[in-house]
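This report introduces one structure to a reader who has not met it before. Please keep the sequence and the model in view while reading.

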Amino acid sequence: MHLDWHDIIARGKRGEGLAEAEALAIGALSSPEDLDALLDAADAVRLHHKGRHVNTCGITNARSGRCPERCNFCSQSAHFQTEAPVFQTKDAATIATEARQAFEQGVREFSIVMSGRAVEREADLAVLEDAFGRIRAETGMQTCASLGLLRKPTLERLKAAGMQSMHHNLETARSFHDQIVTTHSYDDEVETVRAAKELGMYVCSGGIFGMGESWAQRVELALDLRALDVDSVPINFLNARPGTPLEGRRDLDPTDCLKIIAMLRLVLPTKDLVVCGGRDSNLLDEQRHMFRAGANGVMMGNYLTTAGQAVAQDHALIEALGMSIRPPPHQPHPPSVPPAIRAEGTDPGALADRPALLAPPGT
Ligand code: SF4
């Protein structure tokens with residue numbers, strides 16, 4: 001299928017996402033010229049809707065391990081023998097301290113993540129209510145949580161306590177979901193997303209790529225996210241954990257990752273796209289192209305059970321590309337980057353040139 005980039009950019013700027021056939025055709029692009037055209041289109045649409053701002057989010061793993069669910073990518077499932085940390089719910093003061101530390105490192109949205117099918121115990125909800133209040137009062141960061149398969153009454157309670165965003169991934173396409181998650185259904189995931197949307201929350205929902213899904217299934221997921229009208233799409237690339245059924249799996253090269261980001265930008269032109277887990281281990285040096293591919297956000301610091309790259313490197317890249325961190329909604333100006341976390345000896349100018357052409361796949 002011929003892709004008319006001029007028309008795709010024009011439609012993207014009007015907020016119109018790709019047709020399914022166009023999104024499917026992106027999967028077949030392989031020449032440096034075609035890949036360059038793809039990234040240029042995604043870049044133009046991102047710039048139009050998001051400008052030069054970067055959303056930064058950070059997380060705390062507030063309860064880890066012993067999860068009764070079976071998600072084949074996850075080292076926190078009790079079904080697998082892994083080395084993921086196991087601990088009970090942190091207290092609110094500890095969570096708030098971690099949030100403050102993240103804020104000082106440039107994070108502007110902070111998510112509290114707990115393992116388990118659904119966080120519903122009174123003691124956990126009380127910790128969350130306390131933590132949201134502290135984080136809002138002490139940092140003004142946008143507050144978020146990822147708490148499993150929540151339903152409206154719990155979401156309403158947490159929203160009243162100051163939870164602004166709800167994170168819940170669909171994980172993968174409906175047609176592939178039962179090969180990855182065997183203890184709950186795709187419809188369970190969708191119900192959680194719908195409940196938060198109906199309550200007017202900012203909903204962050206995406207998935208993990210590189211688990212064995214086809215390109216058509218990546219497009220299927222993107223179209224479902226569009227139909228659900230999620231506000232932000234976290235893009236994770238599998239960093240297969242030892243002891244999980246996906247151990248040893250490595251499907252994606254950096255070019256695949258950029259194509260996935262670009263396809264999502266062009267399917268969901270106006271939404272926030274945040275590159276999260278597996279960013280450095282899958283994109284490698286091509287991380288410098290992730291914004292050109294259409295992303296407008298990154299998760300900073302550590303991921304749930306794996307370490308992220310140094311925060312200073314992220315700041316150096318954002319600065320070198322002439323971008324800035326988007327402030328939380330109530331702040332009038334982007335906060336400046338504290339000097340202490342600038343990369344020592346980094347020459348921003350070294351990265352400022354327009355990114356070079358992508359290497360052809362497989363090189
Ligand atoms: S992804 Fe969440 S629900 Fe699934 S096993 Fe891991 S912690 Fe449990």
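The expected span of a helix is 1.5 Å times one less than its number of residues. The structure discussed here is a predicted model, and helix 10 offers a case to which this rule applies.

Helix 10 covers residues 254-267, and its 14 residues should span 20 Å at 1.5 Å a residue; the C-alpha atoms at its ends are 20 Å apart, so the expected and computed values agree. Helix 10 is also mostly covered, with twelve of its 14 residues buried. Among these buried residues are Leu258, Ile260, Ile261, Leu264 and Val267, and the list also includes Lys259 and Arg265.

**The strands and their crossovers**

Strand 2, formed by residues 109-114, is mostly covered: six of its six residues are buried. In a regular strand, side chains alternate between the two faces of the sheet. In strand 2 both faces are covered, since Glu109, Ser111 and Val113 on one side are buried, as are Phe110, Ile112 and Met114 on the other.

Strand 2 has a parallel partner in strand 1 (residues 53-63), to which six bridges connect it. Within this pairing, Arg63 stands opposite Met114 of strand 2. Between strand 1 and strand 2 the chain passes through helix 4 (residues 92-104), and this β-α-β crossover is right-handed.

Strand 2 also runs parallel to strand 3 (residues 142-146), and five bridges join the two. Here Glu109 has Gln142 of strand 3 as its bridge partner. The chain reaches strand 3 from strand 2 through helix 5 (residues 122-139), in a β-α-β crossover that is right-handed.

The two pairings are set out below.

| Strand pair | Sense | Bridges |
|---|---|---|
| Strand 1 and strand 2 | parallel | six |
| Strand 2 and strand 3 | parallel | five |

**The ligand shell**

Which residues surround the ligand? They are Cys67, Glu69, Cys71, Cys74, Gln76, Ser77, Ser115 and Gly148. By class, this shell divides into three nonpolar residues, four polar residues and one charged residue.

**Pro153 in helix 6**

Helix 6 comprises residues 152-160, and Pro153 is found in it. Is Pro153 buried or exposed? A residue counts as exposed if 12 or fewer other C-beta atoms lie within 10 Å of its own. Pro153 has 10 C-beta neighbours inside 10 Å and therefore counts as exposed. Pro153 and Ala195 are separated by 42 residues in sequence, and their C-alpha atoms are 9.4 Å apart in space.

Technical notes
Residues numbered from 1 in each chain as written. Predicted model: local features only at pLDDT ≥ 70, side-chain atom pairs only at ≥ 80, totals over all residues. Near = placed C-beta within 6 Å. Nonpolar A, V, L, I, M, F, W, Y, C, P; charged D, E, K, R; others polar. Helix = DSSP H or I, 4+ residues; strand = E, 2+ residues; numbered from the N terminus. Buried ≥ 20, exposed ≤ 12 C-beta atoms within 10 Å, placed from the backbone. Pairing = 2+ DSSP bridges. Right-handed = clockwise from strand over helix to strand, strands pointing away.
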